[in-house]
Amino acid sequence: MKVSSFLLLVSLLTFTSLSFSQTSDTSSKLKFYLACENCDFDFIRKEISFVDYVRDPAQADVHCFVVRESAGNGGARYSFIFLGLHQFSGVNDTLQLLNKVEATQDEFRSGTVRVLTLGLTRYVSHTSQASELTVSCKVADSAVSPTVDSWDSWIFALDINSNINLEQQHGYYNYYAGISANRTTPDWKIRTNSYLSYTENKFDDLGIKSLSRSSSFEGLVVRSLTDHWSTGPSVTLGSNTYRNRKFLAEGSWGLEYDIFPYSESTARQLRILYKLGANKYNYFDTTIYDKVSELVGSQVLSASLVLQQSWGTAELTVAGSQYLHDLSQTEFNVFTNMQLRLFEGLSLRIYGNYAAIHDQIFLPKTGLSNDEVLLQLHQLKTNYAFYTSLGLTYTFGSIYNNVVNPRFGN
């Protein structure tokens, strides 16, 4: 009976707190390394003072890295992955925090502290600090009725934005309005998004005025088939002066296979996606192929590898697309984003995107004026596009990082 009561109490645990004497010997504290891009480290160090924060995971007893995934409610799901090192080797755990879209930064950082405290409990309880450990719990009210979602998991968002930049001889105006409706369940993923954008650039001393307009509606429906397979249609409707498209309607059906189970998405993904579609285009100006409108078929094949481990994160996507009416009209893309911890104190950051472009069927036949080229009002003819960023960070010195000093800001 005593054992059953204890298990019931643990199952109803909704809050756990730890308190330690601030005079504890630093050498007896648990050494903790935290890798989290969105966390408020000053707040965490103040609230969780019973561990020593180290700047290198090799010096840590416990290494925690945080993985963020977009959630169906418009917020995000954060997975806190705890890895035991040295005497705690093999003692690992994963806890999650669901941050609602309406949550404030203070609510998020308070939730982060609660989850980190819960995760560190199992490790601290096996150290000399266990005698200073105090655990309290607040038992959930069993009489509370289950939550009823009157919105049936639908989330709506409205975004209105304006940017105005004025100088004596130059004026820049941009107006944007968008609305989205999304629904996410274990079996279905539904995404819809629409927007209107208007941009005006004026150079009074040169007598130049440029206008750029675009609008779009995008919809996606994905059905989960198994823990590896998913399928569904997508559609895009819109207009874009930059790409000489007075009207566009693109529809496709996709089939995706993840080599790893979707349930392991916080740690690793290797998704292979194939899409087959049909596209209708009406152009502002006659194209280089003497078209004012056309209907073309298309296909896309892509592979995406995403790894989020204690050594860092790595993302690589390779994609190829092709118009079916002319198989020479192709585009090939490679995208990579990596943050790697090479060894103690040295980290490498790589971002890159390369596209081999041979499918610009929308280019206007008449060409562009010098003003249109300089103001980037229309996309230019090109066979490639490339961007990259590379950086190294090296830190050295004391392995401890416990003190918070907010004077003169950060």
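Contact here means heavy atoms within 4.5 Å, and angles between elements run from 0 to 180 degrees between N-to-C directions, taken from axes fitted to C-alpha atoms. The exercises below concern a predicted model.

**Exercise 1. Overall composition**

Task: State how many helices and strands the protein has, and what share of its residues is buried.

Solution. Begin with the secondary structure, where the protein has 4 helices and 17 strands. Next take burial: of the 410 residues in the protein, 34% are buried. Then turn to the surface, which amounts to about 24300 Å² exposed, with carbon and sulfur atoms supplying 56% of it. Finally, among the contacts with a separation of 6 or more, 56% are accounted for by residues 24 or more positions apart.

**Exercise 2. The sheet of 5 strands**

Task: Give the strand order of the open sheet of 5 strands and identify its edge strands.

Solution. The order is β2-β1-β3-β4-β5, and the pairing is mixed. The strands at the edges are β2 and β5, each of which pairs on one side only. From one strand to the next, the twist averages 30°. As a step inside the sheet, consider β1 and β3, which pair in the parallel sense over 4 bridges; Tyr33 stands opposite His63 in β3.

**Exercise 3. Helix α3 on the sheet**

Task: Check the length of α3 against the expected span, then describe how α3 lies relative to the strands.

Solution. Helix α3 covers residues 105–124, and because its 20 residues at 1.5 Å a residue should span 28 Å, the separation of 28 Å between its end C-alpha atoms agrees with the expectation. The expected span uses one less than the number of residues. In its placement, α3 lies across β1, β2, β3, β4 and β5, and runs at about 165° to β5. The buried residues of α3 include Phe108, Val115, Leu116, Leu120 and Tyr123. The cover over the buried residues of α3 includes α2 (41–47) as well as β1 (30–35), β2 (51–53), β3 (62–70), β4 and β5.

**Exercise 4. Nonpolar cores**

Task: Determine which element gives the most to the largest nonpolar core, and list the contacts of Phe80.

Solution. As background, nonpolar side chains in soluble globular proteins tend to be buried together. The largest nonpolar core in this model has 27 residues, and those with the most contacts inside it are Phe32, Ile48, Phe80, Leu116 and Leu120. Two or more residues come from each of β1, α2, β2, β3, β4 and α3, and α3 gives the most, with 7 residues. For Phe80, leaving aside neighbours within four places in sequence, the contacts are Cys64, Phe65, Val66, Asp93, Thr94, Leu95, Leu97, Thr112, Val115 and Leu116. Apart from the largest core lies another core of 8 residues, among them Tyr281, Tyr283, Ile361 and Phe362.

**Exercise 5. The sheet of 12 strands**

Task: Describe the order and pairing of the open sheet formed by 12 strands, and decide whether Ser180 is buried or exposed.

Solution. The order runs β6-β7-β8-β9-β10-β11-β12-β13-β14-β15-β16-β17, with antiparallel pairing. The edge strands are β6 (154–166) and β17 (384–394), each pairing on one side only. Neighbouring strands of this sheet are turned by 10° against each other on average, direction ignored. Within the sheet, β9 (residues 208–224) and β10 run antiparallel and are joined by 9 bridges; the bridge partner of Arg223 in β10 is Thr231. Ser180 lies in strand β7 (residues 170–184). Because the relative accessible area of Ser180 is 15%, and buried means under 20%, Ser180 counts as buried. Leaving aside neighbours within four places in sequence, Ser180 is in contact with Ile155, Phe156, Ala157, Thr192 and Asn193.

**Exercise 6. Three loop residues**

Task: Locate His86, Asn244 and Val292 in their loops, and state the phi of His86 and of Asn244.

Solution. Most residues other than glycine have a negative phi. His86, in the loop between β4 (76–84) and β5 (92–99), has a positive phi near 55°. Asn244, in the loop between β10 (229–240) and β11 (245–258), has a positive phi near 60°. With a relative accessibility of 3%, Asn244 counts as buried. Val292 lies in the loop between β12 (268–283) and β13 (293–309). Val292 and Arg245 are 47 residues apart in sequence, and their C-alpha atoms are 9.6 Å apart in space. Not counting residues up to four places away in sequence, Val292 touches Tyr281, Asn282, Tyr283 and Thr286.

Conventions
Residues numbered from 1 in each chain as written. Predicted model: local features only at pLDDT ≥ 70, side-chain atom pairs only at ≥ 80, totals over all residues. Heavy atoms only, no water. Buried < 20%, exposed > 50% of the residue type's maximum accessible area, 1.4 Å probe, protein only. Areas by Shrake-Rupley, 256 points an atom, 1.4 Å probe, with all protein chains shown as cover. Pairing = 2+ DSSP bridges. Core = buried A, V, L, I, M, F, W, Y, C linked by side-chain atoms within 4.5 Å.
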